[in-house]
4 protein chains.
Amino acid sequence: MKNTYGESVSITLFGESHGKAIGAVLDGIAPGIPVNEDFIATQMNKRQSVSSLSTPRKEADRVQIVSGVVNGYTTGTPITFLIENMDTKSSDYNQLSEIARPGHADYTAYCKYHGYADTRGGGHFSGRITAGLVAAGAVALTALARKGIRIGTHISACAGISDRPFEDITKDIDTLSALSFAVLDKEKSARMQEAILSARSEGDSVGGILETAVIGFPEGVGEPWFDSLEGVLSHAIFSVPAVKGVEFGDGFALCGMRGSTANDAFAIKNGEVVTSTNHCGGILGGISNGMPILFRTAIKPTPSIFKEQNTVNFKNKEDTVLTLKGRHDPAIVHRARVVIDSVTALVLCDQLALRFGTDYLGG
Amino acid sequence: MKNTYGESVSITLFGESHGKAIGAVLDGIAPGIPVNEDFIATQMNKRQSVSSLSTPRKEADRVQIVSGVVNGYTTGTPITFLIENMDTKSSDYNQLSEIARPGHADYTAYCKYHGYADTRGGGHFSGRITAGLVAAGAVALTALARKGIRIGTHISACAGISDRPFEDITKDIDTLSALSFAVLDKEKSARMQEAILSARSEGDSVGGILETAVIGFPEGVGEPWFDSLEGVLSHAIFSVPAVKGVEFGDGFALCGMRGSTANDAFAIKNGEVVTSTNHCGGILGGISNGMPILFRTAIKPTPSIFKEQNTVNFKNKEDTVLTLKGRHDPAIVHRARVVIDSVTALVLCDQLALRFGTDYLGG
Amino acid sequence: MKNTYGESVSITLFGESHGKAIGAVLDGIAPGIPVNEDFIATQMNKRQSVSSLSTPRKEADRVQIVSGVVNGYTTGTPITFLIENMDTKSSDYNQLSEIARPGHADYTAYCKYHGYADTRGGGHFSGRITAGLVAAGAVALTALARKGIRIGTHISACAGISDRPFEDITKDIDTLSALSFAVLDKEKSARMQEAILSARSEGDSVGGILETAVIGFPEGVGEPWFDSLEGVLSHAIFSVPAVKGVEFGDGFALCGMRGSTANDAFAIKNGEVVTSTNHCGGILGGISNGMPILFRTAIKPTPSIFKEQNTVNFKNKEDTVLTLKGRHDPAIVHRARVVIDSVTALVLCDQLALRFGTDYLGG
Amino acid sequence: MKNTYGESVSITLFGESHGKAIGAVLDGIAPGIPVNEDFIATQMNKRQSVSSLSTPRKEADRVQIVSGVVNGYTTGTPITFLIENMDTKSSDYNQLSEIARPGHADYTAYCKYHGYADTRGGGHFSGRITAGLVAAGAVALTALARKGIRIGTHISACAGISDRPFEDITKDIDTLSALSFAVLDKEKSARMQEAILSARSEGDSVGGILETAVIGFPEGVGEPWFDSLEGVLSHAIFSVPAVKGVEFGDGFALCGMRGSTANDAFAIKNGEVVTSTNHCGGILGGISNGMPILFRTAIKPTPSIFKEQNTVNFKNKEDTVLTLKGRHDPAIVHRARVVIDSVTALVLCDQLALRFGTDYLGG
């Protein structure tokens with residue numbers, strides 16, 4: 001299926017950046033999970049631009065829950081999140097409909113939809129569609145938290161500047177939940193923000209790497225083959241616009257190690273099986289081993305830049321140049337972290353429901 | 001589903017390393033595709049160990065086609081590939097059933113299957129199960145080739161030594177198809193093989209990075225959200241044992257670039273839309289743009305090493321040490337490349353069938 | 001998946017009878033299909049009660065299209081239909097939440113959702129949720145019509161009175177499209193409506209049989225095993241509330257025939273393969289044979305009746321009696337016919353997209 | 001997917017009637033279920049012809065378990081059942097490849113597979129493929145029995161003769177398990193068998209109705225919409241060759257009832273919620289209510305008859321006549337009953353695994 005993902009717990013996304021509304025349907029989540037609209041609003045805010053870093057789209061992104069929640073609890077039937085689009089200056093984009101913005105999906109959308117797609121502001125390809133993921137993800141994060149499962153993502157690198165790695169993950173997740181720019185090392189945070197502003201002042205943009213940790217996830221969840229935890233997580237994470245790489249545990253760095261370093265020794269600690277290191281990112285043979293799940297996501301630089309770029313008119317098949325105008329972010333890595341948290345939460349809820357049944361996460 | 005992947009063209013894997021047989025069912029592939037058993041055998045051989053690099057498992061891996069092929073052509077109904085296990089020294093593994101081999105799935109399998117799984121030689125988790133993928137992949141590769149779509153994978157890095165990048169991809173794919181150790185630069189190939197032998201002599205192992213190119217793939221295939229080409233490819237690729245990272249185009253390296261560098265300028269060449277560079281790996285907004293699809297796969301070092309390792313008896317919950325014996329590869333990166341080609345071919349056949357219908361790849 | 005159905009073209013349903021809104025997301029439908037809001041309204045009206053036959057719920061059921069349609073054409077991305085609930089007298093139902101209405105899902109919903117479900121007016125189980133199916137089905141019906149594929153359903157039987165069978169199907173479908181009470185024989189139509197009013201006057205209800213014909217559907221679509229046309233159609237049709245039986249062609253009557261009668265002889269007519277009879281309902285081996293697809297759907301009597309009924313309080317586990325009050329239909333068979341048309345259209349669009357590709361139905 | 005069905009527990013079918021082998025892959029079934037090869041053989045025998053009623057295909061149908069079972073227990077990984085074809089007189093069928101047998105899928109297979117399909121003996125469309133379902137179903141039936149869930153099917157009608165209905169279902173299931181011709185009333189059984197022989201002597205065939213009961217199935221399993229128990233069961237049951245109708249509870253007969261009769265009154269019995277009647281077949285709103293699940297399946301007369309029939313050569317597009325020769329059954333209703341039991345068991349295992357988790361049915 002195209003805009004639906006998940007087996008027992010699934011998410012369906014809909015909407016275009018400048019259409020009437022965007023949203024999501026979250027289906028299969030257990031009944032009896034408390035739905036806190038303030039927490040949803042908090043998560044939505046994390047997805048918004050940090051005001052100092054971009055020309056923000058001013059709209060409130062108020063989430064309406066249209067179905068599936070009664071008296072503050074999930075009913076067990078589909079939850080529909082609806083977010084109306086208000087501040088939609090579609091005139092900014094009209095001239096672009098035949099000219100491919102480099103790094104954007106205008107041309108591939110044309111190949112697929114033959115000119116019928118809504119191209120205003122990226123349409124259905126817009127990062128704005130992740131708002132539905134974040135709203136649904138807030139419910140999934142609440143469900144997981146009630147089982148002691150917590151997720152946190154920080155900006156591991158941006159514009160060539162690296163944050164410190166996770167240390168005390170529980171504490172780091174607490175720290176991250178309060179930050180609008182999710183960097184653990186304050187000095188690095190300041191430097192990254194400067195680098196973003198510097199790119200912005202040059203009409204350019206930067207990318208980054210997000211690092212995510214999941215703690216409290218039970219062992220024995222996942223599959224050896226196609227529904228390996230790595231497989232189902234990466235599938236969903238690569239849906240997020242601008243993601244071009246995903247690695248688990250030490251990922252690409254493992255390729256330069258020897259087995260004697262890369263293997264995580266097992267040990268007994270407080271009567272439980274643990275590993276002394278966590279190069280594998282908490283997943284062996286596609287299945288969780290009870291240690292923190294760790295992965296990194298590569299976010300390419302925002303393709304909307306304000307320098308003149310060579311491109312084509314794909315209808316006329318003619319070369320042309322393009323200089324974008326309007327409202328654009330010089331970076332999205334700081335906004336994407338809550339999207340990654342949300343996607344991760346949704347996938348893990350699905351995995352837990354498949355493993356332990358549809359009531360597992362419920363009230 | 002657990003051991004089945006794909007929507008219109010799907011693959012189901014079965015078997016354990018030391019059971020009676022392993023295999024695969026390839027369903028939904030178009031009727032009328034020629035099935036060349038010699039080509040299947042060639043592909044199977046690429047999956048076998050290079051004799052100089054490991055103590056090979058001697059068995060022939062002869063593929064029986066049990067259904068779905070008549071008079072040398074696909075029928076359109078499920079094709080079943082069966083590979084009997086012959087050379088199965090299961091006694092090598094018996095003592096391990098309660099002791100977790102570090103880096104292997106013994107412990108996570110126990111958490112999931114409660115001790116009922118076949119643990120001999122990795123059982124259903126064994127890399128041996130990829131033989132079914134390779135057999136099915138051979139049919140998928142043939143189907144794609146008839147449409148002018150070709151796939152090639154080289155060892156981009158191994159033990160810290162890097163191959164040259166793809167240059168003339170068509171020519172490079174030709175070169176790679178004849179190599180048993182798929183490195184484009186001969187001198188680097190020799191050095192990598194030395195490094196593998198060196199690790200082997202120390203009872204250790206090495207990992208590597210595979211780089212894959214797909215040429216001739218039509219534009220306009222894929223989806224903006226969950227079934228992005230990156231999503232569906234990564235889902236399948238992460239199923240391959242030892243894969244811990246996947247990146248498309250410049251992947252993680254994009255994170256350090258600015259947008260003005262990372263964006264691929266469009267241009268008209270011979271009346272067609274192309275890009276001047278290919279940082280995005282041929283995929284924009286989850287959809288193919290007609291340029292080569294490029295991605296890299298991180299393969300961790302083989303976890304089976306012959307040094308003493310700290311581990312646990314997970315039934316007794318006691319610390320112990322383990323020194324493995326038996327037949328093991330000091331590297332699998334050179335064997336995995338044909339698996340990646342195969343998985344890629346299977347996923348792309350599914351995508352093409354979804355986009356253009358079930359007859360598209362047929363006779 | 002629970003509230004989503006279809007592979008290449010899929011439909012997701014959401015909402016509760018007395019919540020804020022109900023609706024549907026139609027995903028995967030080709031770009032370039034004209035969306036006629038008047039036709040959607042016409043179809044929605046067919047789903048409403050015939051005023052003379054019931055105490056109607058007065059609300060307009062105005063369908064808002066929230067995404068996926070631009071300038072009157074499908075974009076190829078998800079189409080979201082939203083229908084606000086206005087006339088929701090939820091107080092009618094409050095006293096029922098612990099008492100199982102016989103024939104309704106109150107008790108089974110309680111077993112599944114543990115008391116968290118929205119029980120007002122049937123909640124997510126309500127026939128009202130079919131409004132989303134009808135809205136999405138209108139787009140599917142338009143797409144099919146552009147390919148010469150038409151669908152019509154009549155009330156084959158109601159309250160023991162039988163309509164005449166299909167004769168000239170094309171003409172009959174024309175006739176049916178203009179009827180609010182879809183019976184081909186006018187005299188039988190009057191008798192059925194009298195029987196419904198008679199049941200109503202006694203506080204009782206009646207059921208019926210719907211017969212559906214699809215013409216113009218191409219041969220060679222379907223699958224021999226699980227995705228037989230019968231399998232995929234019945235799966236969706238049994239989702240419609242009150243459906244308890246589905247039969248294709250002569251269905252259950254075939255069981256009393258001999259093979260020499262039941263077999264449909266093939267013949268050549270105007271250079272095409274046809275069958276002289278159509279006992280099989282246009283499907284052989286799960287695959288369309290180019291003849292009209294014919295099936296019948298059994299609709300049980302509306303469970304909401306106004307006689308005293310024995311039942312239980314399922315929380316207290318005590319016997320009790322119940323006499324319903326409020327607004328209820330003495331029959332739904334005449335309203336269900338447009339739902340069956342809609343579901344059929346959605347399933348057939350999915351089958352055609354799988355068979356011929358995602359552009360097949362498009363502009 | 002085409003030859004795969006189920007979400008958490010799935011079945012994949014493969015093979016052609018006269019190819020090397022047929023079989024099935026059962027995936028996702030819990031670890032620790034005992035696999036009794038004698039019981040599998042017993043079930044396979046029930047699928048074979050009753051010797052007095054047909055010219056039997058003599059082969060043993062010995063089931064090889066190729067993977068997924070160790071030491072007599074399921075491992076939790078895919079179980080592959082392989083049945084070699086031995087007694088394959090393919091010459092009987094060769095002359096038919098361009099001539100459509102009425103009632104068979106020869107023509108529709110040609111439309112779909114363009115002449116590449118294996119047409120010998122029905123190929124992949126053959127009822128013989130149900131042998132894989134029966135083998136897998138035996139494991140599913142064992143798993144259910146360990147939870148107190150039992151399934152039985154009798155021939156409710158054949159050749160116009162009706163068996164008595166289920167009375168004491170537990171006792172009736174015991175009785176049926178020992179019968180090769182599954183009719184509860186002995187006198188009716190004799191008459192049905194005579195009718196079959198009579199049809200056979202005339203070169204003709206008969207159909208029938210199978211009635212299935214499931215007892216001990218827990219309440220609260222199923223879904224309100226697309227994955228209603230009726231939907232998922234009917235989808236699988238319509239895959240069985242020759243099935244043309246499925247009805248739950250009183251099914252089509254409900255259409256002639258009034259609501260006051262059709263509704264099942266609830267009552268408390270031994271502290272549990274029950275219904276006094278079971279017109280709904282144990283399913284309300286798509287979800288089990290804890291009462292026996294009851295449904296009926298219409299089986300059309302065997303299309304292979306020995307009378308001359310009008311048909312066409314579909315390649316030449318010419319009218320012709322056909323008189324079949326060879327080995328054919330005058331009825332399959334008595335052989336189909338174990339197939340229906342098996343399919344039902346597989347679907348219910350999937351539903352239970354989705355509802356209660358993957359360990360629910362395990363050891």
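**Exercise 1. Work out how many residues chain D and chain A each bring to their contact, and how much area they bury.**

Step 1: count the residues in contact (heavy atoms within 4.5 Å). Chain D gives eight residues and chain A gives eight residues.

Step 2: look at the buried area, meaning the accessible area (1.4 Å probe) that two parts lose on being put together, summed over both. Here that comes to about 690 Å², with 36% of it on carbon and sulfur atoms. On the chain D side, Glu7(D), Leu354(D) and Arg355(D) lose the most area to chain A, together 53% of what that side buries.

A quick note on the ground rules: this is a predicted model, where local features need pLDDT of at least 70 and side-chain atom pairs count only at pLDDT 80 or more, while totals for chains, interfaces and linings use all residues. Residues are numbered from 1 along each chain as its sequence is written, chains are lettered from A and ligands numbered from 1 in the order in which they are written, and side-chain values use heavy atoms, leaving out hydrogens and water.

**Exercise 2. Find how many salt bridges cross the interface of chain D and chain A.**

Step 1: apply the rule, a side-chain nitrogen of Lys or Arg within 4 Å of a carboxyl oxygen of Asp or Glu. It finds two salt bridges across this interface.

Step 2: zoom in on one of them. Arg355(D) pairs with Asp359(A), and their closest N and O atoms are 3.2 Å apart.

**Exercise 3. Check the span of helix H9 (residues 333-356) of chain C.**

Step 1: helices are DSSP runs (H or I, at least four residues), numbered from the N terminus. The expected span is 1.5 Å times one less than the number of residues, so the 24 residues of H9 should span 34 Å.

Step 2: compare. The end C-alpha atoms are 34 Å apart, which agrees.

Technical notes. Helices (H or I, at least four residues) and strands (E, at least two) are DSSP runs, numbered from the N terminus.
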